[in-house]
Amino acid sequence: SKTAGQTPDVPDLPEEDRTGLKIKFVHEEDAESIYTGKAIQPEIRVYYNGKILIAGVDYTVKYTNNIKVGTAKISVTGKGNFSKANNQTTFRITVI
């Protein structure tokens with residue numbers, strides 16, 4: 001159901017769909033990154049029902065454990081019309 005102020009082309013999230021956001025790496029090779037000693041933040045795209053969402057408008061991104069060698073996490077939390085949606089993925093940081 002639509003409420004006043006919602007953009008008509010943005011779908012409502014079904015009540016049961018709490019993880020409706022899909023995360024994809026812009027460059028698939030970023031799923032495994034090389035250790036640099038600095039924070040690594042692979043570029044991602046976030047989708048809902050095939051529609052690309054806008055970072056900072058439709059969702060926020062948080063990177064954790066993304067400096068040291070090991071498994072890092074990317075957490076995406078929906079905003080506005082997508083406030084009930086969230087998802088997360090991981091990527092590896094390795095040494096050459």
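Let's start with confidence along the chain: it is lowest in strand S4, at a mean pLDDT of 93, and highest in strand S5, residues 59–64, at 97. Bear in mind, everyone, that this is a predicted model. Over the chain, the mean pLDDT is 85, and 80% of the residues reach 70 or more.

Now, a friendly warning about the beginning of the chain. Residues 1–10 have pLDDT under 50 throughout, and the model gives them 14 contacts beyond four places in sequence. Residues 13–18 also stay under 50, with twelve contacts of that kind. I'll leave those two stretches there and go on to the strands.

Have a look at the open sheet. In what order do its three strands lie? The order is S1-S3-S4, with antiparallel pairing. S1, residues 22–25, and S4, residues 51–52, are the edge strands; each has a single partner strand, so one side of each is left without a neighbour in the sheet.

How are the strands joined? Between S1 and S3 there are four bridges, and the two strands run antiparallel. Here lysine 22 sits opposite tyrosine 47 of S3. On to the other pair: S3, which covers residues 44–48, is joined to S4 by two bridges, again antiparallel. If you want a residue to click on, take tyrosine 48, whose bridge partner in S4 is lysine 51.

Let's stay with S1 for a moment, as its side chains alternate. Which of them are buried? Ile23 and Phe25 are, and they point to one face, while Lys22 and Lys24 point to the other face and are not buried.

Next, please move along to strand S7, residues 86–94, and find threonine 94. Is threonine 94 buried or exposed? Its relative accessible area is 15%, which is under the 20% cut-off, so threonine 94 counts as buried. And what does threonine 94 touch? Leaving aside residues up to four places away in sequence, its contacts are Glu32, Ser33, Ile34, Tyr35 and Val69.

Keep two of those names in mind, Tyr35 and Val69. Together with Val95, they form a nonpolar patch on the surface, with about 290 Å² of accessible area between them. Valine 95 lies in the segment after S7. With a relative accessible area of 58%, valine 95 is over the 50% cut-off, and is therefore exposed.

So, to finish with that pair of residues: threonine 94 is buried, whereas valine 95 is exposed. Thanks for listening, and do turn the model around yourselves!

Technical notes:
Residues numbered from 1 in each chain as written. Heavy atoms only, no water. Pairing = 2+ DSSP bridges. Buried < 20%, exposed > 50% of the residue type's maximum accessible area, 1.4 Å probe, protein only. Contact = heavy atoms within 4.5 Å. Patch = residues over 30% accessible without salt bridge, like charges linked within 9 Å, V, L, I, M, F, W, Y side chains within 5 Å. Areas by Shrake-Rupley, 256 points an atom, 1.4 Å probe, with all protein chains shown as cover. Salt bridge = Lys/Arg side-chain N within 4 Å of Asp/Glu carboxyl O. pLDDT = per-residue confidence, 0-100.
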